[in-house]
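Trainee: Could we go through this structure together, one question at a time?
Mentor: Gladly; let us look at it first.

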Amino acid sequence: MSKEISHKSYLQKDPWENLRSLSKARIALGNSGGSLPTKELLSFQEDHAFTKDAIYSELKEKELLEQLKEFDLPVYQFQTKVSNRKEYLQRPDLGKKLSNNRNTKKSENFDILFILTDGLAAEAINEGAIPLLREIIPKLKNDRKIGLCLVKYGRVAIGDEIATSLNAIFTAVLIGERPGLSSPKSMGVYTTYDPKPGITDERRNCISNIHENGLSIDRASKLLQYFIKESFRRKLSGVKLKSGNSGIIEK
Amino acid sequence: MAYKFTLSGKTYSFKDLKTVLAKATPARSGDALAGIMAEDNKERIAAQHCLSEIPLKKFLEDLLIPYENDEVTRLIIDDHNAKAFESISGLTVGEFRDYLLSYEVDGEILQKLALGITPEMAAAVSKIMRNQDLISVAQKIEVVTKFRNTVGKKGHFSIRLQPNNPSDDPKGIAASIIDGLMYGCGDALIGINPATDNPQEVSKLLNQLDDFRQHYEIPTQNCILSHLTTTLEIIDKAPVDLIFQSIGGTEKMNSSFGIDLKLLKEAYDTGTELNRGTIGNQMMYFETGQGSSLSANAHHGVDQQTLEARAYAVARKFDPFLVNTVVGFIGPEYLYDGKQIARAALEDHFCGKLLGLPMGCDVCYTNHAEADQDDMDSLLTLLGVAGCNYFMGVPGADDIMLNYQSTSFHDAMYLRKVLHKRPAPEFEEWLLKMGIMDERGNRNEISEEILKLKS
């Protein structure tokens, strides 16, 4: 009797498990009474654990500065007004402003600044930024004067202040994106022509979802080259640029 | 006029009514970000004392956003029903709380009162109510709406089946719909946030949903949550059941959504003419959420909860089928953690119901908020007790298109079980007929046969 009970399954299975191949959605999970089977419960919690840890991951400033040397380009480090992760999450305004004690020379006159910042997933930058730079910089080096910047606790708009302080025509901000359960380490690149503090998002172009299971470094680099080329040709970025480019974006 | 309150010998002075409201609001990150939150707990309680002594009438005279500058203010004032207001016109905010909680004030009385209450009065009283007060009063109020089924009856709650897909792939969407229906969800609506908001794509999705609904004779309604202008563009050609739009509590906010009251009226009139409902014709579907006005720089220094309540004035003008506060979607800079999200959801549900709206809630969070599934379980249970009209059903609580966590089909089963609540009556009948659920609300073992029928 007791043996029988111990072998009884308390789960209800879903006979449409084959549909799982059609979507990444969490379907056909089965149920234990009114709840999830243990296996599915823990699987969700596992994904959530990776995602939460990604948000609280730290930008590896020292290692990144070391790695940035390999490009043989000017490298600058900046600080925002944010002092810790909790403040970063609650005060997006502070992540858009440089701290006052910065010490950089003015009037460097760059064509392009690549700005690395942690955003909402430092690990995405720790792992993805250098490979992307390795892909794109050799393709631009001869034509453009390029600078590299690293800034902790930055939002996308931090690029505008940095560009003003270094006198740059174009910025590409590499930033960790808000992690989803299935993509905890996703990087985004926001490009802006003629960046100035106070401009709004429709002035920017965005390449999103750069991660293992999303957009590849190679594809991201090609899109980035396109935005750089077109921005300099048409002297603009943002909505107006994207509208003429739907073919390339949607591929 | 300045508002004052003296606390332990110290006089706190608030320069205007919106400052009293903002400082009296339970702490949340969005008001801190806007720079309008109370400096400390003492200032907050002083503001709450001060607020409790303000007569309700004052909110009709001392306007938070000037009448001439904002069409939402004009709507609130012009549509205020003085006759409905009469019975509470002598009360202060504090007395109003006692009145709402009293035994003799029941749901019927509150329903008659709704048009006499302005959003600012609702927001004001909510600020001096605890979570349990917000639940106690809200659960008195039954707001029932009808289209192809009946949503909001006491003892029932409904679920929006949300089969979002990052590329709007019809097969992926169908898989999620089947999953949801087999778990007894989809009675509020089957509603997709489209990945691309263009007329052809949206029409395609609408046709897919409509074919599905008709084929299996599901007593529910569909919606593609495209921008209102997109919906209006295709409304003559595609099967539009519910008409969706995000709305906010100021004219400037709505203008940043690309809409105004005139456009909403046009949509409402068009939907009324379509007359696609079978047992009713409430066809507007609105979504809101605290913090949207601040994020669009359209807040006029008014706290985010009061602005949210003002959005409900916009909603109720158009007799909606559903109003959904998407409470945790906006992120930790507006609602930092599970506690703030839960408080905001209960406030929104209470204010909406008090104003006469069919309130539902997307119990949700983004991953950078300090919240997890336990917080969602708690909030879902609280709102279930409060009598919330509907919740979201997302496969496994993980929306793979919008990248946030909401409530799942399983969560709906849980809540129905522990609170003895049932789906919309017409939909429940369909579930029984299909053999998906039994009389007790338990899931049947789904046979391969039903499935063949479905796929």
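**Strands, cores and annotated sites**

Mentor: Let us begin inside a sheet: in this predicted model, strand β8(B) and strand β9 (residues 284-288) of chain B run parallel and are joined by four bridges.

Trainee: Which residue in β9(B) stands opposite I243(B)?
Mentor: I243(B) belongs to β8 (243-246) of chain B, the strand joined to β9(B) by four bridges. Across from I243(B), in β9(B), stands M284(B).

Trainee: Which strands are at the edges of the sheet?
Mentor: The open sheet has eight strands in chain B, paired in parallel and ordered β7-β6-β5-β12-β11-β10-β9-β8. Neighbouring strands in this sheet are turned against each other by 25° on average, direction ignored. An edge strand pairs on one side only, and that describes β7 (222-224) and β8 (243-246) of chain B.

Trainee: At about what angle does helix α12(B) run to β7(B)?
Mentor: Helix α12 (residues 199-215) of chain B lies across two strands, β6 (189-192) and β7 of chain B. Its direction relative to β7(B) is about 165°.

Trainee: Is E287(B) buried or exposed?
Mentor: UniProt, in an unreviewed entry, places the feature "binding site" at E287(B), among other residues. E287(B) is found in strand β9 of chain B, and touches S246(B), N324(B) and V326(B), not counting residues up to four places away in sequence. A residue needs 20 or more other C-beta atoms within 10 Å to be buried. E287(B) has 22, so the answer is buried.

Trainee: How many C-beta neighbours inside 10 Å does Q162(B) have?
Mentor: Q162(B) is another residue in that unreviewed UniProt "binding site" list, and its place is in the loop between β5 (158-161) and α11 of chain B. Leaving out residues up to four places away in sequence, Q162(B) touches G191(B), M392(B), G393(B), V394(B) and D399(B). Q162(B) counts as buried because its C-beta neighbours inside 10 Å number 27.

Trainee: Which helix gives the largest share of the largest nonpolar core?
Mentor: In soluble globular proteins, nonpolar side chains tend to be buried together. Here the largest nonpolar core has 149 residues, and A345(B), V363(B) and F391(B) touch the most other members. The largest share, eight residues, comes from helix α18 (residues 338-354) of chain B.

Trainee: Which residues is A345(B) in contact with, leaving aside its neighbours within four places in sequence?
Mentor: A345(B) is one of the residues that touch the most other members of the largest core, and V363(B), also named there, is one of its contacts. The full set is T325(B), V327(B), C361(B), V363(B), L379(B) and L383(B).

Trainee: How many helices and strands are there in chain A?
Mentor: Chain A has 251 residues, of which 42% are buried, and its C-alpha atoms fill a box of roughly 85 × 40 × 35 Å along the principal axes. Among its contacts between residues at least 6 apart in sequence, 68% join residues at least 24 apart. The count of elements in chain A is nine helices and six strands.

Trainee: Why do V156(A), E177(A) and C206(A) gather at one spot?
Mentor: UniProt lists these three residues for "binding site" in an unreviewed entry. They span 51 residues in sequence, yet they gather at one spot because no two of their C-alpha atoms are more than 11.4 Å apart.

Trainee: Is E177(A) buried or exposed?
Mentor: E177(A) has its place in the loop between β4 (168-176) and β5 (187-193) of chain A. Leaving aside neighbours within four places in sequence, its contacts include G119(A), S186(A) and S208(A). With 22 other C-beta atoms within 10 Å, E177(A) is buried.

Trainee: What does C206(A) count as, with 18 C-beta neighbours inside 10 Å?
Mentor: C206(A) lies in strand β6 (residues 204-210) of chain A, in contact with G188(A) and Y190(A) once neighbours within four places in sequence are left aside. Being buried takes 20 or more, and being exposed takes 12 or fewer. With 18, C206(A) counts as partly exposed.

Trainee: Which element gives the largest share of the side of chain B that touches chain A?
Mentor: In all, 32 residues of chain B are in contact with 33 residues of chain A. The elements that give two or more residues to this side of chain B are α2 (29-33), α11 (170-182), α20 (409-419) and α22 (448-454) of chain B. The largest share is seven residues, from α11(B).

How values were computed
Residues are numbered from 1 along each chain as its sequence is written. Chains are lettered from A and ligands numbered from 1 in the order in which they are written. This is a predicted model: local features need pLDDT of at least 70, side-chain atom pairs count only at pLDDT 80 or more; totals for chains, interfaces and linings use all residues. UniProt positions are given in the numbering used here, feature names are shortened, and annotations may be inferred rather than shown by experiment. Two residues are in contact if their C-beta atoms, placed from the backbone, lie within 7 Å. Two strands pair if DSSP finds at least two bridges between them. Axes are lines fitted to C-alpha atoms, for helices over the stretch in contact, and angles run from 0 to 180 degrees between N-to-C directions. A nonpolar core is a set of buried Ala, Val, Leu, Ile, Met, Phe, Trp, Tyr and Cys residues joined through C-beta atoms within 7 Å.
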